[in-house]
Amino acid sequence: MAAALPQLDDEIVHGMAIGAVFTDYTGKINCLDFHRTEDLMITSSEDDSIRLYNITSATLLKTTYHRKHGADRVCFSHHPSSILCSSRYNLESIESLRYLSLYDNRCLRYFKGHKDRVVSLCMSPVNDSFMSGSLDHSVRIWDLRGILRLRGRPSVAYDQQGLVFAVAMEGGAINLFDSRSYDKGPFDTFLVGGDTAEVSDIKFSNDGKSMLLTTTNNHIYVLDAYVGDKRCGFSLEPSPNVTNEAAFTPDGQYVISGSGDGTLHAWNINTVQEVACWNSRIGPITALKWAPRRAMFATASTALTFWIPNRSN
């Protein structure tokens, strides 16, 4: 179903349409993630399920249930059958962050430390370390055995080379750290001028030139990742109990996002123009990502949709 990634332009992005829908969830989808090199995607849901999909054939490969701990944030490790998963229940137990094998539905390792819900989870693109940000006001760098104590709701992201990571903090500050010497403190700090809302999500573009921030008051900002200047910003409709998520296209030239009114939007960040507005068909979006190597993106609420170029156009 998902074609190889072409050179994107306004016409291709505008012509994206739903190619597949999965409606067998019995709870809100919390998170979704694509594998970096394989055509695989995982989701986690409030129905305690973790589901594995093949995105080229749009087929469900496997479903596992995690009744004891639930499934909140989830991301692939480098191995396509191993994932990281944070818990929804028993948050102060040693099992609040788990390394799971999808092959035999087995927990390979527990990561103990957080005392509250994990709201951000990110795997290093170059080694086996990963970061987690929690409502206990800490960011933990696992395998490197590091802890950053912060105020507010931390959100974390690695750049695509794994050399730099960003931590969004209370008051709209973005701290940049060298991943090899983060204990020396941030080497730069950016502020989104005039907006002191907490950053709920942060992402780097694949070329490392831009950062994408989504805030709790439904604003989206694209920053120059080198100097912190704001390249553009967009506003979204709010939705109760839903935090919007936005994503870059793989070429870093477009941003897509859900909105609280159940619509989806796409903007060209060079012209700062909206190039598409779609009805999501599934209500306000709780998770959204573009596949790293394919002409498709996925959106989720209590259902899951795959969006692909409309060949009829």
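Start by selecting strand 27 (residues 297-300) and strand 28 (residues 304-309): the two form a hairpin with three residues between them. Helices here (H or I, at least four residues) and strands (E, at least two) are DSSP runs, numbered from the N terminus. This is a predicted model, in which local features need pLDDT of at least 70 and side-chain atom pairs count only at pLDDT 80 or more, while totals for chains, interfaces and linings use all residues. Residues are numbered from 1 along each chain as its sequence is written, and side-chain values use heavy atoms, with hydrogens and water left out.

**Stop 1: the hairpin and its sheet**

Stay with the hairpin and show its backbone. Strands 27 and 28 pair in the antiparallel sense over four bridges; two strands count as paired if DSSP finds at least two bridges between them. To follow the ladder, pick Thr299, whose bridge partner in strand 28 is Thr305, and then Ala300, which stands opposite Leu304.

Now add strand 1 (residues 16-22), which pairs with strand 28 in the antiparallel sense over six bridges. Here Ala20 has Phe306 as its bridge partner. Bring in one further strand and you have an open sheet of four strands, in the order 1-28-27-26 and with antiparallel pairing. Its edge strands are strand 1 and strand 26 (287-290), each pairing on one side only. Neighbouring strands of this sheet are turned by 20° against each other on average, direction ignored; the axes are lines fitted to C-alpha atoms, for helices over the stretch in contact, and angles run from 0 to 180 degrees between N-to-C directions.

How many residues of strand 28 are buried? Five of its six are, where buried means under 20% relative accessible area, exposed over 50% and partly exposed in between (1.4 Å probe, protein chains only).

**Stop 2: Thr215**

From Trp307, draw a distance to Thr215: the two C-alpha atoms are separated by 24 Å, with the residues 92 apart along the chain. Thr215 belongs to strand 19 (residues 210-215) and is buried, with a relative accessible area of 4%. Show side chains and you will find a polar contact of 2.3 Å between Thr215 and Asn217. Such a contact is a pair of N or O atoms within 3.5 Å; within protein, one must be able to donate a hydrogen and the other to accept it, and residues adjacent in sequence count only if both atoms are side-chain atoms.

**Stop 3: Ser179**

Next, select the loop between strand 16 (173-178) and strand 17 (188-191), where Ser179 is placed. Is Ser179 buried or exposed? Ser179 counts as buried because its relative accessible area is 13%. Its side chain reaches the backbone oxygen of Gly162 at 2.7 Å.

**Stop 4: aromatic rings**

Colour the aromatics: the structure holds 14 aromatic pairs. One of them is Tyr158 with Phe165, edge-to-face at 6.1 Å centre to centre and 70° between the planes. Rings of Phe, Tyr and Trp (its six-membered ring) pair if their centres lie within 6.5 Å; planes under 30 degrees apart count as stacked, over 60 as edge-to-face and the rest as tilted. Tyr158 is buried at 5% relative accessible area, and Phe165 is buried at 1%. Add Phe177 and Tyr182 to see one aromatic cluster of these residues.
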